[in-house]
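Please open the structure in the viewer and follow the stops below in order. Each stop names a selection and then describes what is found there.

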Amino acid sequence: MGLSPQQTAYMEKYGSDDARKFVSLRFKTVRRQTRDLCAPLAVEDYVIQTMPDVSPPKWHLAHTTWFFETFLLIPLLESYRVFHAQYGYLFNSYYETVGSFYPRRYRGLLSRPTTQAIYQYRAYVDEHIEQLIESVTDDQWELCRNRLILGIHHEQQHQELMYTDIKHIFATNPLRPVYRLMTEGPVNHPADVEWLSYKGGLTDIGNNDEGFAYDNEMPRHRVYLEDFHCASRLVTNGEYKEFIAAGGDQYPQYWLSDGWRTAQEKQWTAPLYWERVDDEWWLMTLSGMRRVDDNEPVCHVSYYEADAFARWSGKRLLTEAEWEHVAGKVDVHGNFCESGRLHPVPAQPGKPPSQIFGDVWEWTQSPYVSYPGYRAPEGAIGEYNGKFMCNQMVLRGGSCVTSSTHIRASYRNFFFPADRWQFTGIRLGEDR
Ligand SMILES: [Fe+2]
């Protein structure tokens, strides 16, 4: 589209002289990107579910389409007829107020509808969305635009999930298939970590109303920070290997109780996708197996491992407020999915802090809870974020499979502390 992430965010928020044309273009672009993402898949790849957290690519394709059908076409396009009466049951993820839904853990058991039928469903909904954009009245335009922008960001979230789920699907297969050959990334041997100093006091966090944001990023509010240090770059594979070699994963004193129990039960000895081959560590990537590069950021670690590594290092994870305070002074640029690498790359020389955006989501020590004054939106859309505010931890900054048009300093991602299949890594902090 030729728009920078900042321009895109601005246009989404304020529209333009030709707002309908802009939203239509953005819709078409995102829908095409999802199809492009699936281009390397064989038809068998679309159906597999390798664990309850993973959804088959076919399900993502249908669910993102269901979102537009349910929240735009059914309520706003009078002439619309649903594509299939049972798709609402099959492809609703978790919206209780919309109706019942098929159990998540069984999504991989659905050989029908076929992948081809789901592509027809997508084409049908795309065509009707275009009709809606052209015909919706000026009175309903704002609601329509807001829902469309939400649907577009929802689809971008699922694009990232598709990358992570395809990686899990391929890593589970002993053939270790290549999804896409990697665009070679920049090489570097990162310098030692510098401890960047931040002064405490009152600061504001939360979305500042300059572009699209999810409800959970608001309201912007004051927080009090103590003085702290933030690491100039992410923790590397080489550093994580030292933790493993020192037996850091053998000593309960570095681990949270839940983490220690989980690590024992699941027999974790290294990050997800690492394997010992002839006395060397290898790892699975979306480009197949390769040797672990000590210079790259460590990836696919749980919150428990990130926290244990931090304790073993004599440091700690940042809080989300500290992270946002640091990120608020940094431009949104980094190694995102647009680079085509789909894998984190070593920190590059330049003004620190580096790797704040892109590469890996950074676990923070903050639980995912509502901000002061938060109210979930009315209706089913209120189920998007608010009902998950329990037992999960906040991650910040996006990853190498996040789109550059889908990240900002205030963005709050959240996963359970034992989750490892997302592109998750570690940045350390310390009290000053
Ligand atoms: Fe979804």
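**First stop: H2 and H5**

Select helices H2 and H5, whose axes come within 10 Å and cross at roughly 170°. That angle makes H2 roughly antiparallel to H5, since angles over 145 degrees are counted in that class. The model in view is a predicted one.

Next, display the side chains between these two helices. On the H2 side, the residues that meet H5 are Arg20, Ser24, Phe27, Lys28, Arg31, Thr34, Arg35 and Cys38. Facing them in H5 are Tyr119, Arg122, Asp126, Ile129, Glu130, Ile133, Glu134 and Ser135. Coloured by class, the residues of this contact divide into 8 charged, 5 nonpolar and 3 polar.

**Second stop: H2 and H6**

Keep H2 (residues 19-38) selected and add helix H6 (residues 138-172). The axes of H2 and H6 come within 10 Å and cross at roughly 20°. H2 and H6 are therefore roughly parallel to each other, and their crossing is left-handed. The contact of H2 with H6 has 13 nonpolar, 6 charged and 5 polar residues.

**Third stop: H3 and H5**

Now select helix H5 (residues 115-135) together with H3. These two helices pack at an angle of about 30°, with their axes 9 Å apart. H3 and H5 are therefore roughly parallel to each other. The crossing of H3 and H5 is left-handed.

To see the contact itself, show the side chains on both helices. Those of H3 include Leu61, Ala62, Trp66, Phe68 and Leu72, while those of H5 include Ile118, Tyr121, Val125, His128 and Leu132. By class, the contact of H3 with H5 comprises 13 nonpolar, 4 polar and 3 charged residues.

**Fourth stop: the iron ion**

Which residues coordinate the iron ion? Select the ion and display His63, His154 and His158: each is a ligand through its NE2 atom, at 2.2 Å. Along the chain, the donors follow the spacing H-x90-H-x3-H. Histidine 63 lies in helix H3 (residues 57-76) and histidine 154 in helix H6, so this pair ties together parts that are 91 residues apart in sequence.

Are histidine 63 and histidine 154 buried or exposed? Both histidine 63 and histidine 154 are buried.

**Last view**

Finally, show H3 and H6 with the iron ion and the side chains of histidine 63 and histidine 154, which these two helices carry. Adding H2 to this view brings back the left-handed crossing of H2 and H6, and adding H5 restores the left-handed crossing of H3 and H5.

Definitions and conventions:
Residues numbered from 1 in each chain as written. Predicted model: local features only at pLDDT ≥ 70, side-chain atom pairs only at ≥ 80, totals over all residues. Heavy atoms only, no water. Axes fitted to C-alpha atoms, helices over the stretch in contact; angles between N-to-C directions. Helix = DSSP H or I, 4+ residues; strand = E, 2+ residues; numbered from the N terminus. Parallel < 35°, antiparallel > 145°, perpendicular 65-115°, else oblique. Left-handed = near helix turned anticlockwise from the far one by under 90°. Nonpolar A, V, L, I, M, F, W, Y, C, P; charged D, E, K, R; others polar. Donors = N, O, S within 2.8 Å, 3.2 Å for Na, K, Ca; no water. Buried < 20%, exposed > 50% of the residue type's maximum accessible area, 1.4 Å probe, protein only. Contact = heavy atoms within 4.5 Å.
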